[in-house]
Amino acid sequence: MLSGYGVRPAFPIALLLGLLVAVAGCRGDSTPEEPVPTPSAASDLTGTLVLGDVEANMPIRRIRWIQPLADHLAARLSDHGIGQGRVVVARDLRQMARFLENGTVDVYLDSPLPSLAVQRLAGSQIILRRLVNDQRVYWSVFVARDDLGIESLDDLRGQVLAFQEKHSTTGFLLPAHSLLEQGHRLREVRGPRESVAADEVGYFFSGDEENTIDMLRTGSVGVGAISSQDLADLPDELKSQLRIVARTDSLPRQLVSVRPGLDPDLVIRLRGLLLGLTDADREALAGAVEGGGWTWIFEDLSDEARRRLEGFAGTVGRLLALGD
């Protein structure tokens, strides 16, 4: 059920335990167990607002992008005893769920299906959507090299395709959901050259959508799943070599969640600050990052977006278990 301005799940304990195991494999162990924090400035106020994200490979870059927003919010929350803002980056979804449960992170920013997975584990509350590159929604696109003659998802049987990574909404979870909904059997393989049975769809993780695109370009893989934005950004020469096989349903581009137990008055205040960002505020936030930072545009979730999220809430555990 959706209630208030959040999306609150109800689910069997068995699904939660299964997801808890599944998300343990969503990221590697290359990053430390402890969060990666930003330096804290001295302040007479003792409270700290902590924004969080999940990124195993380049946490420092993610911190640089988000820190200006943390500073902006903290500077306007002195009436809540907050004097500084920090950013904490978790290495995987299970760690982020733990940070939300124990109060290490107050506000969590991520794409929709990871946000739903963490919500199931930690009881976090989704409060807003964030536009990315002015996009409210995005979706996955199955693309194949044109010379393979693949015209539908049924033609993927016996093929191996490239996904991005285990917790990616458009690079894995959405396209995997589409294949499962059509009754396909999925099996993870080690790479594009491994064979699969005629009634299976094999998949492996390229690590990044740019890797998937490069493998399609060079012919080392014949089929891949990429985001609608990445498809739009492809050069015309490469587009002419690819066939769009199918597209998935769309979901909100990014979501904002708050930890369980966060002061409801503070939640209301945070919503107001995020929704009230002016063009001048956004320009200042982007300009605070060398080379240009993220654009920060937030909106309330539409009824349609809520329905779409609710439809995925019950299956996100099964989807993530595919990547375990």
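Biologist: Which residues in H4 meet Leu-309, Phe-312 and Ala-313 in H11?

Modeller: Contact here means heavy atoms within 4.5 Å. On the H4 side you get Pro-112, Leu-113, Leu-116 and Arg-120. The residues of this contact split into 6 nonpolar, no polar and 1 charged; Ala, Val, Leu, Ile, Met, Phe, Trp, Tyr, Cys and Pro count as nonpolar, Asp, Glu, Lys and Arg as charged, and the others, Gly among them, as polar. A handy general idea: an α-helix has 3.6 residues a turn, so residues three or four places apart point the same way. One caution: this is a predicted model, where local features need pLDDT of at least 70, side-chain atom pairs count only at pLDDT 80 or more, and totals for chains, interfaces and linings use all residues. Residues are numbered from 1 along each chain as its sequence is written, and side-chain values use heavy atoms, leaving out hydrogens and water.

Biologist: At what angle do the axes of H4 and H11 cross?

Modeller: Axes are lines fitted to C-alpha atoms, for helices over the stretch in contact, with angles from 0 to 180 degrees between N-to-C directions. Helices (H or I, at least four residues) and strands (E, at least two) are DSSP runs, numbered from the N terminus. H4 (residues 112-122) and H11 (residues 303-313) have axes that come within 10 Å and cross at roughly 60 degrees. That makes H4 oblique to H11 (under 35 degrees is roughly parallel, over 145 roughly antiparallel, 65 to 115 roughly perpendicular, the rest oblique).

Biologist: Is H4 mostly covered or exposed?

Modeller: Buried means under 20% relative accessible area, exposed over 50%, partly exposed in between, with a 1.4 Å probe and protein chains only. For H4, 11 of its 11 residues are buried, including Gln-119 and Arg-120. Right after H4 comes Gly-123, with a positive phi near 75 degrees.

Biologist: And the sheet: in what order do the 6 strands run?

Modeller: Strands of a sheet pair through backbone hydrogen bonds, either parallel or antiparallel. Two strands pair if DSSP finds at least two bridges between them. Here the open sheet goes E4-E3-E5-E15-E6-E16, with mixed pairing. E4 (82-90) and E16 (297-299) are at the edges with a single partner strand each, so one side of each has no neighbour in the sheet. From one strand to the next, the twist averages 30 degrees. E6 (residues 125-131) and E16 run antiparallel, joined by 3 bridges; Leu-131 has Ile-297 as its bridge partner in E16.

Biologist: Which strands does H4 touch?

Modeller: H4 packs on the sheet against E5, E6 and E15 (254-258), its direction making about 140 degrees with that of E5.
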